[in-house]
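These are my notebook entries on one structure, set down in the order in which I looked things up. Each entry takes one topic and records what I found.

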Amino acid sequence: MPDNTPAVTREELVALLNEDLSREYQAIIAYVNYSQVIKGAQYMHIATELEKHAAEELSHALIIANQIDYLGGMPTVTPKPVKTSEKAEDMLRFDLDNENETIKNYRIRVRQCEALGEYAIAENIRGILVQEQEHQSDLATALGEDVPDVARTEEMA
Ligand SMILES: [Fe+2]
Ligand SMILES: [Fe+2]
């Protein structure tokens, strides 16, 4: 495991997965809100994408809650706070920042799960990561930017 990934116990993994679950709830709420509030002809395509993201985030929340239950933990019912804005660019920026944070965390989580021999949980998270990177790419494209290199910030963290 790279040096920047702290080894964790099963109890610590449950707590970390609950943080991940809170981020998934945050993502569901943000995508539900932003997909309906976002205005402007140039944002209609991304609005449709945001609706799809909302449904995918719900499926992630269910997968993560299932892994927590499997480990004997209690899935949290509390989302991380969701920012609101009337400005389309702000909404896309909030979403992109959250996706970057989520990807950074799941990459670490895969390594932590594997270190504990929890290969199936790691595999489930890999599947989620594939979709989070698609979300990240959709948002960066809508903002007219390159996909950010989260691996770099991950090493610095
Ligand atoms: Fe997600
Ligand atoms: Fe996402």
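**Entry 1: S35**

I began with the side chain of S35, which reaches the backbone oxygen of Y31 at 2.8 Å. The model is a predicted one, and I read every value below as computed from it. I placed S35 in helix 1, which covers residues 10-37. Is S35 buried or exposed? Its relative accessible area is 8%, and because buried means under 20%, S35 is buried. Leaving out residues up to four places away in sequence, I found that S35 touches A47, L50 and E51.

**Entry 2: the iron ion (ligand 1)**

I next asked which residues coordinate the iron ion (ligand 1). I listed E24 through two OE entries, E57 (OE), H60 (ND1) and E132 (OE), at 1.9 to 2.5 Å. Along the chain these donors follow the spacing E-x32-E-x2-H-x71-E. E24 lies in helix 1 and E57 in helix 2 (residues 44-70), so this pair ties together parts that are 33 residues apart in sequence. I noted that E24 and E57 are both buried.

**Entry 3: the iron ion (ligand 2)**

I then turned to the iron ion (ligand 2). Its protein donors are E57 (OE), E99 with two OE entries, E132 (OE) and H135 (ND1), lying 2.0 to 2.4 Å from the ion. I wrote down their spacing in sequence as E-x41-E-x32-E-x2-H. How far apart are the iron ion (ligand 2) and the iron ion (ligand 1)? They are 3.9 Å apart, and E57 coordinates both. E57 lies in helix 2 and H135 in helix 4, so the pair ties together parts that are 78 residues apart in sequence. For E57 I recorded a relative accessibility of 1%, so E57 counts as buried. H135 is likewise buried, with a relative accessible area of 1%.

**Entry 4: the aromatic pair**

I searched for paired aromatic rings and the count came to 1 pair. The rings of Y34 and F94 have their centres 6.5 Å apart and their planes at 45°, so I entered the pair as tilted. The pair links distant parts of the chain, with Y34 in helix 1 and F94 in helix 3 (residues 88-115), 60 residues apart. I also checked burial for the two residues. Y34 has 1% relative accessibility and so counts as buried. F94, at 16% relative accessibility, counts as buried because that value is under the 20% limit.

**Entry 5: the nonpolar cores**

Which residues touch the most other members of the largest nonpolar core? I found these to be L17, I64 and I125, in a core of 21 residues. Helix 1, helix 2, helix 3 and helix 4 are the elements that give two or more residues to this core. I followed I64 further: leaving aside neighbours within four places in sequence, I64 is in contact with L17, D20, L21, Y106, I125 and I128. Apart from this core I noted another, of 17 residues, including Y31, A54, L92 and L139. As background, nonpolar side chains in soluble globular proteins tend to be buried together.

**Entry 6: helix 3 and helix 4**

I compared each span with the expected value. The 28 residues of helix 3 should span 40 Å at 1.5 Å a residue, and the end C-alpha atoms are 41 Å apart, which agrees. Just after helix 3, G117 takes a positive phi of about 80°.

Helix 4 (residues 119-142) has 24 residues and reaches 35 Å from first C-alpha to last, close to the 34 Å expected. Helix 4 is followed by G144, whose phi is positive, near 70°. Among the buried residues of helix 4 I listed I121, I125, I128, E132, H135, Q136 and L139. For reading such a list, I kept in mind that an α-helix has 3.6 residues a turn, so residues three or four places apart point the same way.

**Entry 7: T141**

My last item was T141, which is found in helix 4. Is T141 buried or exposed? Its relative accessibility is 56%, and because exposed means over 50%, T141 counts as exposed. I also recorded the separation of the C-alpha atoms of T141 and I46 as 9.4 Å, with the two residues 95 residues apart along the chain.

How values were computed. Residues numbered from 1 in each chain as written. Chains lettered and ligands numbered in written order. Heavy atoms only, no water. Helix = DSSP H or I, 4+ residues; strand = E, 2+ residues; numbered from the N terminus. Buried < 20%, exposed > 50% of the residue type's maximum accessible area, 1.4 Å probe, protein only. Polar contact = N/O pair within 3.5 Å; in protein donor to acceptor, adjacent residues only side chain to side chain. Contact = heavy atoms within 4.5 Å. Donors = N, O, S within 2.8 Å, 3.2 Å for Na, K, Ca; no water. Expected span 1.5 Å × (residues − 1). Phe/Tyr/Trp six-rings, centres within 6.5 Å; stacked < 30°, edge-to-face > 60°. Core = buried A, V, L, I, M, F, W, Y, C linked by side-chain atoms within 4.5 Å.
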